[in-house]
Number of protein chains: 2
Amino acid sequence: MSISPAPLADAPSVPATGANNRRHPIATSDALGGRFGFDLLAEDTQTLARRGRIRTTRGVVETPVFMPVGTQATVKTLDPIEVEATGAQIVLANTYHLMLRPGVDIVREAGGLHAFMGWQRPILTDSGGFQVFSLAANNKVTEQGVTFASHIDGSRWTMTPESVIDLQLGYGSDIMMQLDHVLGLPAEPTAIRDATERSARWLDRAVAAYDEQGGPESRSVLFGIQQGGMDRDLRVWSAQRVAEANVAGCAIGGLSVGEPKPVMAEMLEISTPHLPRNKPRYLMGVGSPEDLWHGVARGIDMFDCVLPTRAARNGGLYTPDGRITITNASFKRRHVPIDETCDCPACTRFTAAYIHHLFRAGEVFGLRLASMHNLRFLARQIDTIRAALDTGTFAAAMSDFDLRYQPVASRGRAGEPGALRAQPERGL
Amino acid sequence: MSISPAPLADAPSVPATGANNRRHPIATSDALGGRFGFDLLAEDTQTLARRGRIRTTRGVVETPVFMPVGTQATVKTLDPIEVEATGAQIVLANTYHLMLRPGVDIVREAGGLHAFMGWQRPILTDSGGFQVFSLAANNKVTEQGVTFASHIDGSRWTMTPESVIDLQLGYGSDIMMQLDHVLGLPAEPTAIRDATERSARWLDRAVAAYDEQGGPESRSVLFGIQQGGMDRDLRVWSAQRVAEANVAGCAIGGLSVGEPKPVMAEMLEISTPHLPRNKPRYLMGVGSPEDLWHGVARGIDMFDCVLPTRAARNGGLYTPDGRITITNASFKRRHVPIDETCDCPACTRFTAAYIHHLFRAGEVFGLRLASMHNLRFLARQIDTIRAALDTGTFAAAMSDFDLRYQPVASRGRAGEPGALRAQPERGL
């Protein structure tokens, strides 16, 4: 993989009228002999927000982007056609889960993950680092890798930086993630330093394995992952390590793991400036509506999260004013859409009262409608974000969002605003 | 409701080339001032099978027909668009369930069941008789009606022949069923006679209530229900009572409740000849592939059953050779469709291996694909049945089906063929 200088690196960031226009990028990077790349199209003048485009062999992904999660080769409750209809350009799947079930051999025999699950657009696979340390039992880390017990049947498995590359190539992922060492918090400072440094060494091994097994002949690229817990110095060091690596994109891991939101905001603000301008930046596991806006404001291009679909299955539905709980009795007789402004099937074809009934009656169709609604809501937020970046009005648009949307957390504690929203300005 | 003589009652039953052609009916009946009716289009010469057409204010239903069940105002796991795409022309909903949740007021406020659940084709609602006696607790029958405890919260409710008409008019059902007294078997002969006679008296009250509350101004018609347990004389008596009633169609209830299949076959054979030729005949709660063919052969026009969708959710999928269990390990590496000849989404877009994976992983999308597949399988069986009736080849087509399709029951007990298939000939 080579990183090309931007053809017009000093071109002004002119506002554009649409997402698909052919603007000259102001910075760019290429991989797979040019078949994969990132084009930075515009930078906001008031925040760190960026407008970009990821080119893959399976199509273009406009950024900022939210990626729905299909852990087990399916976005829970939905048909891939429905996922695409919500506006999704790329979905996630999980290396750890697919390794255990159905197994990489089955996926490879099926012709890869795209064919297996019926999704023809790009797929990003997480390495499984997070799952090994959060879901599996009895995990043991050595410098070589990690051994653990399957959460399904207790069987023993091993993952190494090299084996997860092999697995992800077997799946045919468009974007592969390195294996990282993820710690549960709180942890001792020495343990955090140890894990962060190990993740960096594993990144080097992942790059070497990718160069050997994958490379320009595959359709897959590799992203590195920055760690560092909530330690400023470690975050900066880790960001610099990822920035120096021969990877197609830079991810930020180990955030949104229970820390206060101001801490997450600070970790982003100190680390994104160290990441290459011409590569995509991916904030892993983050995806509430307010975190999308405020993550973008801090220079993030890509997001994923199970929250919109998980919340949906628990009856939590996004509206322009905040998240409502559809099972509440107040919706029993609400014979109007959940959100009059929404163009999803739940809102255009059914009423809140009907969806309330489906949830009360335990009917699966309710989970489907709710999941489509929340994914569509996030896709529309992202559309709004991209349009604002295209027209140079991002900061004002974020203000509008913040004025209206009431995050769940801030409603829980009266008067305490969401943390990421506290300091949206550039450099703060 | 008036019953018109057929305009061309002695016209020959000519084979026709398609389902939508405008043949002259050989017998007909009308209701709602002609806005509802049944046209008998052809009678098989070798069996009791009939080809017909039900006209409703929400469109035509070609018969024989299988009606998917949407007990709680949703066909489990499916979008109404998907239900329609399987070939469904009409769906069922349940008076008992909808009365308890969400309640008739909610449905009425929503503009009726069609608007509430997003289904614009006809809806048949069962009266709840079966559910009151099978699902509710502490039911007490008097001549007036039945009181019982809700299976949801134990609250006490009452249903009368009149109140279930009122409920179903509130739902806006196209076809309403009378309240009947359903007994669990085995039962004492006197209890069966008592319940059968009560059902007949309740039919008279239902007709009176319909004439008062519904009538030609509504979009709803009423069907009567024949009971009689497994008693030949009672079945005939009950069939005659329903035949004499001023109803738009005749249902056969209290079968497929655990009795041996030859008994069910016999009950059909002795009772359908007593039902009016010019009204639709509906065998309630029956819907395995083999029972459709052999029910049609005994003069049945309409079927409903939760079996195809319930079996689907348990991994039981129909194929031309019989029902398979998709969770079996033999499907783990089957990278081909469940049924190469099937045009449903499960078979055209996914493999058996993928659906196996979804079931093993507990993913809802598997339930959806399986449900669509089974409904589509039954719709295609019905299509084959109608085409065979149109071309005068029904008996041969049923032979072909029987030669290939291995019913679940007959596989369970070696050498014992399905009962209904034992004597498919007319009059046996």
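This short talk walks through a predicted model with a chain A and a chain B, starting at the interface and ending at one buried aspartate.

Okay, some housekeeping. Because the model is predicted, local features need pLDDT of at least 70 and side-chain atom pairs count only at pLDDT 80 or more, while totals for chains, interfaces and linings use all residues. Residues are numbered from 1 along each chain as its sequence is written, chains are lettered from A and ligands numbered from 1 in the order in which they are written, and side-chain values use heavy atoms, with hydrogens and water left out.

Let's begin where the chains meet. How many residues of chain A are in contact with chain B? There are 34 of them, and they touch 35 residues of chain B. Contact here means heavy atoms within 4.5 Å.

The size of an interface is often given as the accessible area lost when the parts come together. For chain A and chain B, the buried area is about 3,200 Å², and carbon and sulfur atoms give 53% of that. Buried area, by the way, is the accessible area, with a 1.4 Å probe, that two parts lose on being put together, summed over both. Which three residues supply more than any other three of the area that chain A buries against chain B? They are Phe116(A), His357(A) and Glu363(A), with 17%.

Now the polar side of things. The rule finds 8 salt bridges across this interface, where a salt bridge is a side-chain nitrogen of Lys or Arg within 4 Å of a carboxyl oxygen of Asp or Glu. Try finding the one between Arg368(B) and Glu82(A), at 2.8 Å from N to O. There are also 22 residue pairs in polar contact across the interface, both residues at pLDDT 80 or more. A polar contact is a pair of N or O atoms within 3.5 Å; within protein, one must be able to donate a hydrogen and the other to accept it, and residues adjacent in sequence count only if both atoms are side-chain atoms.

Which helix of chain A gives the most to the side that touches chain B? That's H13(A), with 5 residues. Helices (H or I, at least four residues) and strands (E, at least two) are DSSP runs, numbered from the N terminus. And the make-up of that side of chain A is 16 nonpolar, 6 polar and 12 charged residues. In this count, Ala, Val, Leu, Ile, Met, Phe, Trp, Tyr, Cys and Pro are nonpolar, Asp, Glu, Lys and Arg are charged, and the others, Gly among them, are polar.

Next, some strands in chain A. S8(A), residues 137-141, and S9(A), residues 146-149, pair in the antiparallel sense over 3 bridges; two strands pair if DSSP finds at least two bridges between them. S8(A) and S9(A) form a hairpin with 4 residues between them, and Val141(A) stands opposite Val146(A). S9(A) also pairs with S10(A), residues 156-159, again antiparallel, over 4 bridges. There, Phe148(A) has Trp157(A) as its bridge partner. The hairpin of S9(A) and S10(A) has 6 residues between the strands, and Gly154(A) in it takes a positive phi near 80°.

On to some backbone oddities. What kind of peptide bond joins Thr63(A) and Pro64(A)? It's cis, with omega about 0°, and Pro64(A) lies in the loop between strand S4 (59-63) and strand S5 (65-67) of chain A. In chain B, the bond from Thr63(B) to Pro64(B) is cis too, with omega near 0°.

Leu32(A) isn't a glycine, yet it has a positive phi of about 50°. Is Leu32(A) buried or exposed? Buried, at 4% relative accessibility. The cut-offs are under 20% relative accessible area for buried, over 50% for exposed, and partly exposed in between (1.4 Å probe, protein chains only). Thr77(B), also not a glycine, has a positive phi near 80°, and Thr77(B) is buried at 1%.

Last stop: Asp301(B). You'll find it in the loop between H10 and strand S15 (302-304) of chain B, and its relative accessible area is 0%, so Asp301(B) counts as buried. What does its side chain reach at 2.8 Å? The backbone nitrogen of Arg281(B). A polar contact of 3.0 Å also joins the side chains of Asp301(B) and Arg50(B). Leaving aside neighbours within four places in sequence, Asp301(B) is in contact with residues including Phe38(B), Lys279(B) and Pro280(B). Thr63(B) and Pro64(B), from that cis bond, are among its contacts as well.
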